[in-house]
Structure formats: structure tokens, C-alpha cells
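User: Could you take a close look at one part of this structure for me? Start from a single pairing and work outwards.

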Amino acid sequence: MSVTPSYLQDRWQSGTGAGTALVNPVSSATLAHASSAGLDLGTALQHARLRGGPALRALSFAQRGDLLDALAKAIYSVRDELLEVSMANTGVTRSDAKFDIDGGTATLSSYAALGRELGSAMFLTDGAAEQLGRSPRFAGRHIRVPLRGVAVHINAFNFPIWGLAEKLACAFLAGMPVLCKPATATALPTARAAKAMTDSGLLPAGSFSLLVGSVGDLLDHLGAQDVIAFTGSADTGAKIRSHRAVVERSVRVNIEADSLNAVVVGPDVQPGSACYELFLRELVREITQKSGQKCTATRRVLLPAALVGPVSDALRERLLPEYLPKTPTDATARMGALATPSQATDVLQRARELATHCDVVVGALPAEPTTLFPPCVLLAKNSKTAALHSLEVFGPMVTLLPYDGSVVQAAELVALGEGTLVTTVYSDDLEFTTQCVEELAPWTGRLLLGSARIAEFSTGPGLVLPNMAHGGPGRAGGGLELGGVRGLSLYMQTCAVQGARPVLDRLFPAP
Ligand code: NAP
């Protein structure tokens with residue numbers, strides 16, 4: 001079986017050797033192989049710096065936006081094929097495959113619209129000019145300009161299209177060329193989307209590269225103007241941060257790592273209320289969508305003790321048998337498989353460890369590793385047990401943690417997770433919600449305030465929106481992606497320009 005090629009120096013080229021087998025996680029059939037052995041990554045990076053960077057920087061924001069729009073359309077044009085490849089290579093249902101593909105193209109389109117808003121400028125100004133000394137003639141102003149290196153995007157296995165698109169949208173709009181390295185095990189959908197982009201003829205020479213296979217010596221070739229945007233496990237994130245080239249050359253690094261996202265249900269929430277129904281609906285989605293393999297999926301649910309029984313019963317009723325995992329091609333499948341055979345082993349091992357501190361109140365752990373892992377709900381024996389706040393099970397599982405209904409205890413428990421991508425508060429009590437925002441915001445990148453008022457409109461905690469920041473403190477990696485124009489900062493240098501006021505006014509005229 002042939003090796004899936006990489007796209008480097010504007011041409012498709014294959015690594016040498018047999019490579020790693022890419023499999024269907026349900027049938028175990030080998031679909032392709034991936035190898036980066038023998039590829040000249042140093043030359044590929046230099047080509048991107050020298051050709052791709054200047055080509056993108058020559059475009060205005062509006063023109064870069066047009067490019068993103070056209071790339072979104074190119075990916076969308078092969079959507080049916082992408083659905084098939086995603087289902088085969090990542091075990092997702094058709095609906096979950098659509099979530100990944102459409103999330104990716106929607107993010108590209110959203111940044112295309114931002115590009116049109118930013119207009120004919122080539123870089124960003126940040127704030128107004130300020131007088132710096134005794135005379136108004138001496139002034140200063142901050143600008144943000146694209147870095148001159150390559151944006152290296154290292155992605156996790158769970159969102160092969162969205163991961164490609166959301167990072168590329170920000171880097172391209174900022175004016176930086178991209179080298180995308182998807183997780184090897186689920187690289188096929190990314191490779192197909194990349195082929196659609198290169199076939200479109202839209203990409204300026206050198207602006208886009210794809211590396212299929214392991215990272216090899218890629219990081220050794222990075223320099224002071226390059227950027228790494230990484231999504232994946234905290235362990236790999238730590239390796240990247242401490243890589244010799246990164247440390248010695250201060251390569252800019254953004255880490256999106258794992259986190260135990262929390263939900264806090266307020267003491268005012270009563271079974272049957274609109275807020276309670278919203279909470280349950282969104283929790284079922286977080287457990288089952290992509291079989292719980294979302295970095296933003298809820299892992300910990302803080303419940304007033306009186307709600308433990310009703311919530312356990314309601315989850316049992318809604319999850320079983322409706323969401324028992326099925327082969328993705330089964331038209332009745334509501335939940336698909338774990339993405340790789342190694343995930344099956346990892347998820348079961350972690351789930352067993354977590355279960356030693358809990359009772360299993362919904363479902364049952366499988367006896368053997370399986371990619372068709374059923375939904376499970378655990379109930380903590382002691383909500384303060386450290387493992388419940390540190391052990392991430394990247395599958396369809398949550399832990400219910402009873403608490404006393406106070407903001408103080410909720411904050412104490414949420415903080416034990418040492419940083420989340422998203423935390424949700426469900427309550428119609430404004431005082432409780434206000435105190436939660438004060439206490440929880442430092443520990444999370446995003447706070448969703450679920451209440452009866454938004455019950456009809458909420459997109460839930462798991463959905464990452466292009467105009468809202470994505471990333472969280474501490475355990476979550478300390479990174480920031482997206483958030484509209486905020487997402488461009490990673491790829492730009494902020495420079496304070498000081499000089500004569502008339503010169504600054506001429507350099508940076510008001511729009
Ligand atoms: P992973 O094992 O850390 O791999 C992530 C990526 O890093 C892959 O592309 C992998 O390549 C690459 N990699 C591995 N070793 C490397 C090294 N020494 N240097 C540079 N790159 C290296 O994570 P995963 O298992 O794919 O993803 C699951 C984890 O990601 C979960 O814990 C989840 O919470 C987290 N996640 C976070 C977010 C977020 O936005 N915060 C989103 C999704 C997932 P190979 O595949 O070739 O090994």
C-alpha cells in the first residue's frame with residue numbers, strides 16, 4: 001500500500017520506508033501508510049519563509065480574507081468525500097464528521113469576513129498615538145506586523161479538518177505561511193482537504209505545506225521568527241516547550257492542551273425547569289458528541305447533593321440504549337467510535353483508574369479495550385479526591401461531584417483542575433452567577449453562563465466559536481487561539497514605534 005504524500009516546496013512528495021499504518025478504528029483495516037522519513041524539512045521551511053511569506057505579506061487583509069473564503073469553498077467542494085474519509089479513518093458518525101468539516105469551513109469564512117472588515121491595511125495598529133514627552137511632537141504608537149517565519153501547526157487526532165482550518169485562518173490572515181502537521185493516526189481527512197486546497201490553484205507559492213507522518217527533525221530547523229501552535233496532550237506540549245531550538249531561539253509557542261472542563265449547577269436549579277433541561281441537554285451532547293473526544297467536552301459536573309439522584313436517573317434514561325456506540329456507517333448510529341485502537345486501551349485504563357474513586361451510576365466499563373466504548377457516568381465517593389480533577393478520560397464519560405451549593409466550594413473544586421478550556425455555570429440566580437464569574441474566570445479560558453434566558457439559543461460549552469477566545473490557563477496549556485482579531489496576535493510582532501508626530505500620522509493614517 002502506498003505512502004500518503006506530504007506537500008512540501010509546492011509539490012507532493014512521499015517519505016521513505018513502510019511507514020505507520022493508518023487504520024479504520026472499527027474494522028482495523030489498513031487504509032494507508034504515513035512516513036516522513038527522508039523528507040528535507042529544513043529546506044521546506046526555508047522555501048516557505050522565502051516564497052510564501054512575501055507572497056502573503058504582499059496581500060491586504062481583505063485580499064487574505066478573499067483567499068480564506070475561496071479555500072473554504074475548495075474544501076467544501078469535496079465535502080462528501082471528506083465525510084467518507086473521516087468516517088473510515090476516525091470512526092466518527094456522519095453527523096460528527098460534518099461537525100468537524102463544517103466547523104472548519106465556517107471558521108475560515110468567519111476570518112474571511114474579518115479580513116474584509118480590516119480592509120486594505122497590511123498590518124494592524126493597536127490603540128491611538130500617545131504623546132511621550134513634554135512636547136506633542138514626540139509621540140508613540142503600537143503596531144502589529146506579521147512575523148517573517150513559518151507558522152508550524154501541530155494538531156491532535158480528534159479534529160483533522162477543523163484543526164487544520166482554524167489555525168490556518170489566523171496565520172494566513174496575519175500574513176504568515178503555514179506548515180500543518182496533523183496527528184499521524186488520523187491524517188487522511190487532513191490530507192484530502194489539503195489536496196482540495198492545492199488543486200484549487202489558489203495558494204500562493206510556498207504559503208502552505210503539509211507534513212504527513214511523525215514530526216522528525218522539524219523543530220530543529222525553527223528560528224526566532226517561526227511560531228509553533230500546538231494542540232494535543234500536556235506531555236507532548238511540555239516536550240515542545242523544552243525543545244532545545246525552542247528554548248535557545250525563543251521560538252514563539254502556543255499550547256492548547258487537555259483539561260478537565262467543569263460544569264457547576266447552581267442550588268436554585270430545579271428538575272423540570274428550563275435551566276435544568278438546558279443543562280441535561282448540553283451534558284448529553286458533551287458526553288456523546290465525537291464520543292467525548294473533544295478538548296472542550298465536560299469532564300466534571302458539580303451538583304448540589306439533592307440533584308445527584310434525579311440527574312443520574314435522567315442521564316441513564318437519555319443515554320441508554322440511544323447512545324450505545326455503533327459502526328459509523330450504521331444509519332441508526334447516534335454515537336461513533338474512539339478514533340484509534342491505542343485510544344481504546346488508553347481510555348479504558350484511565351476510566352478504570354478513575355472508577356476506583358467512584359461508583360458507576362450509568363452504563364458499565366467494558367471488560368476489554370474497544371473503540372466502541374459505551375457512555376458511562378461516575379459518581380465521586382469524595383469530590384475532593386485529587387485524581388478526579390487531574391485524570392482526563394478522553395472518551396464518553398463524566399464524573400458527578402456532589403458539592404454543598406456554595407460558590408466557595410464550587411470554586412475550590414473547579415480550581416483543583418488547575419485550569420480549564422471552558423467552565424459552565426447553570427443558574428437563574430444572578431447573585432450566584434455573578435460570584436461564580438469572579439471566582440471562576442481566572443481558572444478558565446471561557447465561561448458559559450447557562451440560564452433559562454438563553455435555553456433556546458445556547459451553543460453549549462463544547463462548541464468553539466471563531467469570534468470567542470479558545471485556550472485556557474495552567475493545565476489547559478496557557479494558550480489563546482481564535483477570538484476574532486485576538487487570534488492574529490500569535491503570528492504578529494507588536495512593535496512600539498516612537499518618533500515625530502507628523503511622521504507617525506503619515507505612516508499610520510486614520511482609516
Ligand atoms: P499528542 O499525542 O500529544 O499528539 C498531538 C500532536 O503532537 C500529534 O500531531 C503528534 O504527532 C505530535 N507529536 C507527538 N510527539 C511530538 C514531539 N515530540 N514533538 C512535536 N510533536 C509531537 O495528542 P493526541 O493524542 O493526538 O491528542 C489528544 C489530546 O489532545 C487530549 O489530551 C486532548 O485533551 C488534547 N486536545 C486539546 C485540544 C485543545 O484545543 N486544547 C484539542 C484537541 C485535543 P504524531 O501523531 O505523529 O505522534
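Analyst: Strand 12 (residues 261-265) and strand 13 (residues 298-304) run parallel, and four bridges hold the pairing. If you want one spot to click on, Ala262 faces Arg300 in strand 13. For the bookkeeping, two strands pair if DSSP finds at least two bridges between them. Helices (H or I, at least four residues) and strands (E, at least two) are DSSP runs, numbered from the N terminus.

Before going further: this is a predicted model, where local features need pLDDT of at least 70, side-chain atom pairs count only at pLDDT 80 or more, and totals for chains, interfaces and linings use all residues. Residues are numbered from 1 along each chain as its sequence is written, and side-chain values use heavy atoms, with hydrogens and water left out.

Now step back from that pair. Strands 12 and 13 belong to an open sheet of seven strands, ordered 14-15-16-13-12-17-18, and its pairing is mixed. Strand 14 (358-362) and strand 18 (447-450) are the edge strands, each pairing on one side only. From one strand to the next, the twist averages 25°. As a reminder of what's doing the joining, strands of a sheet pair through backbone hydrogen bonds, either parallel or antiparallel.

Helix 11 (residues 341-355) lies across strand 14, strand 15 (376-380) and strand 16 (397-403), and it runs at about 20° to strand 16. Angles like these run from 0 to 180 degrees between N-to-C directions, with axes as lines fitted to C-alpha atoms, for helices over the stretch in contact.

Helix 10 (residues 308-319) is worth a look too, and Ser312 sits in it. Ser312 counts as buried, at 5% relative accessibility. (Buried means under 20% relative accessible area, exposed over 50%, partly exposed in between, with a 1.4 Å probe and protein chains only.) Leaving out residues up to four places away in sequence, Ser312 touches Val361, Val362 and Leu400; contact here is heavy atoms within 4.5 Å. Carry on into the loop between helix 10 and helix 11 and you'll find Pro321. The peptide bond from Leu320 to Pro321 is cis, with omega near 0°.

A bit further along, Glu418 is in the loop between helix 13 (407-415) and strand 17 (423-426). Glu418 isn't a glycine, yet its phi is positive, about 60°. With a relative accessible area of 54%, Glu418 is exposed.

How does this region sit within the chain? The chain splits into domain 1 (3-257 + 477-507) and domain 2 (261-466), with bounds from an automatic or database domain assignment. The centres of the two domains, taken over C-alpha atoms, are 31 Å apart. Across the boundary, 26 residues of domain 1 are in contact with 28 residues of domain 2.

There's another sheet to compare with. It's open, has three strands in the order 5-6-21, and pairs antiparallel. Strand 5 (124-131) and strand 21 (492-500) are at the edges with a single partner strand each, so one side of each has no neighbour in the sheet. The twist there averages 15° from one strand to the next. Strand 5 and strand 6 make a hairpin with six residues between them, joined by five bridges. Strand 6 (residues 138-146) is joined to strand 21 by nine bridges; along that pairing, Gly140 partners Gln498 and Pro146 partners Met492.

As for the packing, the largest nonpolar core has 57 residues, and those with the most contacts inside it are Leu68, Tyr111, Leu168, Phe172, Phe208 and Tyr491. Helix 5 (residues 162-174) gives the largest share of this core, nine residues. Apart from it lies another core, of 29 residues, including Leu307, Leu315, Val362 and Leu400. By core I mean a set of buried Ala, Val, Leu, Ile, Met, Phe, Trp, Tyr and Cys residues joined through side-chain atoms within 4.5 Å. That brings you back to Ser312, since Val362 and Leu400 are among the residues Ser312 touches.
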